[in-house]
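Me: I have a model open and want to learn how to read it. Can we go feature by feature?

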Amino acid sequence: MNGGIKKANNNFIRLITNADISYKIYIYWALLAVLLTGVFGIYPFTREVVKKYQISKQMVQLNKDLSKKISDISDATRKIKLIDSDIRYLDAYLPYDFNIQNYMVDFVIATGEAGYNVNSFTPEGQEGSSVRISVSLSGEGDINQLTKNLEGLNRVSEIENIALSKKATEDSLRLSIVTFTMEKQ
Amino acid sequence: MINIGSEKEAVAISEKVVYYKEILELRKRLSQRVSFVYDNIFDGIKLDRLAVNYTGFEITARAQNIYDFTKLISNYLRDDYVSEIVLKRANLDTTTKEYDFTIGGVFK
């Protein structure tokens, strides 16, 4: 048995010491090694690399999208904050609507609180985003309170001029008022 | 996910408010000037007519004596609120012994 193994070993040693044969063996072995570890090994490696690259590409795109979303959200947040700070303006100056008849109601209440009665309330026409109104009042009220009430109404208006005439029984006033609308906005 | 409709609405409201802020900045308030003119009229002056606008005022009144008339003008010039006072008309009513006058003032 040992002799057989020894003989086979000797034959193998003799075979590989033959330069021509061993050269061929090395070449085939090298080709086989390259084929097995190189081609068949590089394929799954390459496949993984491609997958990883695609995932990486997707992640870059997702990051870009997320950055854009963050930017959009920041912009929207800024706008919402701007609106929040503007609510006091809305509450203080914007009426529910801009109909002149509603302004007349507010006006009559404001003049009544100052002690005057409205004799006439005449819109004289619209100029751009404003309406000019001529008003005649009478009574024995407080002119200071009247102007404060009118300028404090829930609407942007401007008293252009005011004329007070003292009479024996009661005072009479004439006012020219400009009230702004949102139509030119 | 951003609500595009809400954002547009917010922008529209913001634009309206900006517009109103511009109007508010342009708005001229008359109440302070009316108070200044009216509150400086004291008991010795009988007011007949008063007219106030943003640039100036005019008063037609009667004074019992020249001192009250002078004091009224002094009151208007005292607070550095009026740049000039113009005497437009003055008349002494010999029956009532009252000075009937009209003065005009220009706001600074």
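Me: Start with one residue. In which helix of chain B does B:D68 lie?
Reply: This is a predicted model. B:D68 lies in helix 3 of chain B, residues 66–78.

Me: Is B:D68 buried or exposed?
Reply: Look at the relative accessible area; under 20% counts as buried. B:D68 has 11%, so the residue is buried.

Me: What does B:D68 touch beyond its sequence neighbours?
Reply: Set aside residues up to four places away in sequence. B:D68 then touches B:F42, B:G44, B:I45 and B:A63. Try a C-alpha distance too. B:D68 and B:I41 are 27 residues apart along the chain, and their C-alpha atoms are separated by 9.8 Å.

Me: Now chain A. How many helices and strands are there in chain A?
Reply: Count the elements, then read their order. Chain A has four helices and four strands. Along the sequence, the pattern is α-α-α-β-β-α-β-β.

Me: What share of the residues in chain A is buried?
Reply: Of the 185 residues in chain A, 28% are buried. Chain A exposes about 12,400 Å², with 60% of that supplied by carbon and sulfur atoms.

Me: What share of the contacts in chain A joins residues at least 24 apart?
Reply: Take contacts between residues at least 6 apart in sequence. In chain A, 57% of these join residues at least 24 apart.

Me: On to the sheet. In what order do the eight strands stand?
Reply: Go from edge to edge and note the chain of each strand. The order is 1(A)-2(A)-4(A)-3(A)-1(B)-2(B)-4(B)-3(B), in an open sheet with antiparallel pairing. The edges are strand 1 (116–127) of chain A and strand 3 (82–93) of chain B; each has a single partner strand, so one side of each has no neighbour in the sheet. From one strand to the next, the twist averages 15°.

Me: Over how many bridges do strand 3 of chain A and strand 1 of chain B pair?
Reply: Find where the chain letter changes in the order. Strand 3 (residues 157–165) of chain A pairs with strand 1 (residues 45–53) of chain B over five bridges, in the antiparallel sense. A:L164 stands opposite B:L50 there, in strand 1 of chain B.

Me: Which strands does helix 4 of chain A lie across?
Reply: List the strands a helix covers, then take one angle. Helix 4 of chain A lies across strands 1, 2, 3 and 4 of chain A together with strand 1 of chain B, and runs at about 160° to strand 3 of chain A. Helix 3 (residues 100–113) of chain A lies across strands 1, 2, 3 and 4 of chain A, at about 150° to strand 1 of chain A.

Me: At what angle do helix 4 of chain A and helix 2 of chain B cross?
Reply: Check axis distance and angle as a pair. These axes come within 9 Å and cross at roughly 180°. The two helices are therefore roughly antiparallel.

Me: Which residues of helix 4 of chain A meet helix 2 of chain B?
Reply: A:I143, A:N144, A:T147, A:K148 and A:E151 meet B:S31, B:V34, B:S35, B:Y38 and B:D39. Those residues divide into three nonpolar, four polar and three charged.

Me: Take one from each side. What are A:T147 and B:S35 in contact with?
Reply: Again, leave out neighbours within four places in sequence. A:T147 is in contact with A:I159, A:I162, B:S31 and B:V34. A:T147 is buried, at a relative accessible area of 0%. B:S35 is in contact with A:N144, A:K148 and B:N40. B:S35 is buried as well, at 13%.

How values were computed:
Residues are numbered from 1 along each chain as its sequence is written. Chains are lettered from A and ligands numbered from 1 in the order in which they are written. This is a predicted model: local features need pLDDT of at least 70, side-chain atom pairs count only at pLDDT 80 or more; totals for chains, interfaces and linings use all residues. Side-chain values use heavy atoms; hydrogens and water are left out. Buried means under 20% relative accessible area, exposed over 50%, partly exposed in between (1.4 Å probe, protein chains only). Contact means heavy atoms within 4.5 Å. Accessible areas come from the Shrake-Rupley method with a 1.4 Å probe; for residues, only the protein chains shown count as cover. Axes are lines fitted to C-alpha atoms, for helices over the stretch in contact, and angles run from 0 to 180 degrees between N-to-C directions. Angles under 35 degrees count as roughly parallel, over 145 as roughly antiparallel, 65 to 115 as roughly perpendicular and the rest as oblique. Ala, Val, Leu, Ile, Met, Phe, Trp, Tyr, Cys and Pro count as nonpolar, Asp, Glu, Lys and Arg as charged, and the others, Gly among them, as polar. Two strands pair if DSSP finds at least two bridges between them.
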